Amino acid sequence: MKKIKRGLSPVITTILLILLSVTAVIIIAGVIIPFVKDSLCGEKECFEASDQLTIDTENGYACNTTDINGNRVDITIKRGQKEVEITGIKISISGGGKTKPYDVMGSSDVTMFDDSDKEIPGTGEALTYSIKTDLIEFESAEVYPVTACGKTCDMTDRAEIESC
């Protein structure tokens with residue numbers, strides 16, 4: 001008996017190669033698109049927020065004081081007029097060769113100056129925060145906006161800390 005060999009026709013081979021290519025593209029896109037989307041999260045918001053938070057030293061505070069509870073820095077943060085979604089603020093206090101970061105909404109060391117509930121300044125609004133710190137020397141404060149996806153943006157302002 002003679003064996004009959006049959007191969008795949010060129011049409012079937014072409015269709016299988018196209019299906020394999022489409023499947024590979026779908027799988028790769030399913031991995032890469034979320035990865036790129038997550039890595040870009042907050043970039044647009046950070047760009048828009050780049051000039052929206054400032055330390056108001058003219059009408060507010062950027063000063064330190066010592067009382068019976070220890071050292072405290074009072075700092076007024078002013079928000080610009082642009083509608084940008086800022087869900088948090090981080091403040092960094094430097095002095096004596098040390099820098100200490102504070103998350104305004106998440107740190108128990110940060111309170112509102114008037115002892116009200118903590119909040120982020122609204123558009124065009126300025127709020128003053130009191131920060132309890134273990135730093136002894138004070139040089140400067142820096143402010144960083146936080147976006148809705150939790151990304152901390154670059155510093156938007158820096159001010160020297162003086163005595164109250």
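This short presentation describes one sheet and two loop residues in the structure shown above.

Good morning, colleagues. Please keep in mind throughout that this is a predicted model.

I begin with the sheet. It is an open sheet of 4 strands, and the strands follow the order E5-E4-E8-E9 with antiparallel pairing. Which strands form the edges? They are E5 and E9, the latter covering residues 157-160, and each of these pairs on one side only. From one strand to the next, the twist averages 20°.

Let us now cross the sheet, starting from E5. Its partner is strand E4, residues 88-95, and the two are joined in the antiparallel sense over 6 bridges. Within this pairing, Ile91 stands opposite Tyr102 in E5. I would ask you to remember Tyr102, as I shall return to this residue.

Moving on, E4 also runs antiparallel to E8, and 7 bridges join the two. Here Lys90 is the residue that faces Tyr144 in E8.

The last pairing is that of E8 with E9, again antiparallel, over 4 bridges. An example of residues standing opposite each other is Val143 with Asp157 in E9.

Is strand E8 largely enclosed or largely open? Strand E8 comprises residues 140-146, and 6 of its 7 residues are buried, so the rest of the structure largely encloses this strand.

I turn next to the loops, beginning with Ser107. This residue lies between strand E5, residues 98-103, and strand E6, residues 110-112. Is Ser107 buried or exposed? Its relative accessibility is 14%, and residues under 20% count as buried, so Ser107 is classed as buried. Which residues does Ser107 touch, once those up to four places away in sequence are set aside? The contacts are Tyr102 and Lys118. Tyr102 is the residue of E5 that we met earlier, opposite Ile91. Ser107 therefore offers a case of a loop residue that counts as buried at 14% relative accessibility.

The second loop residue is Asp115, found between E6 and strand E7, which spans residues 126-133. Its phi is near 65°, a positive value in a residue other than glycine. As for its surroundings, Asp115 has a relative accessible area of 66%; the threshold for exposed is over 50%, and Asp115 is therefore exposed.

To close, I set the two loop residues side by side. Ser107 is buried, whereas Asp115 is exposed. Thank you for your attention.

Note on methods:
Residues are numbered from 1 along each chain as its sequence is written. This is a predicted model: local features need pLDDT of at least 70, side-chain atom pairs count only at pLDDT 80 or more; totals for chains, interfaces and linings use all residues. Side-chain values use heavy atoms; hydrogens and water are left out. Buried means under 20% relative accessible area, exposed over 50%, partly exposed in between (1.4 Å probe, protein chains only). Contact means heavy atoms within 4.5 Å. Two strands pair if DSSP finds at least two bridges between them. Axes are lines fitted to C-alpha atoms, for helices over the stretch in contact, and angles run from 0 to 180 degrees between N-to-C directions.
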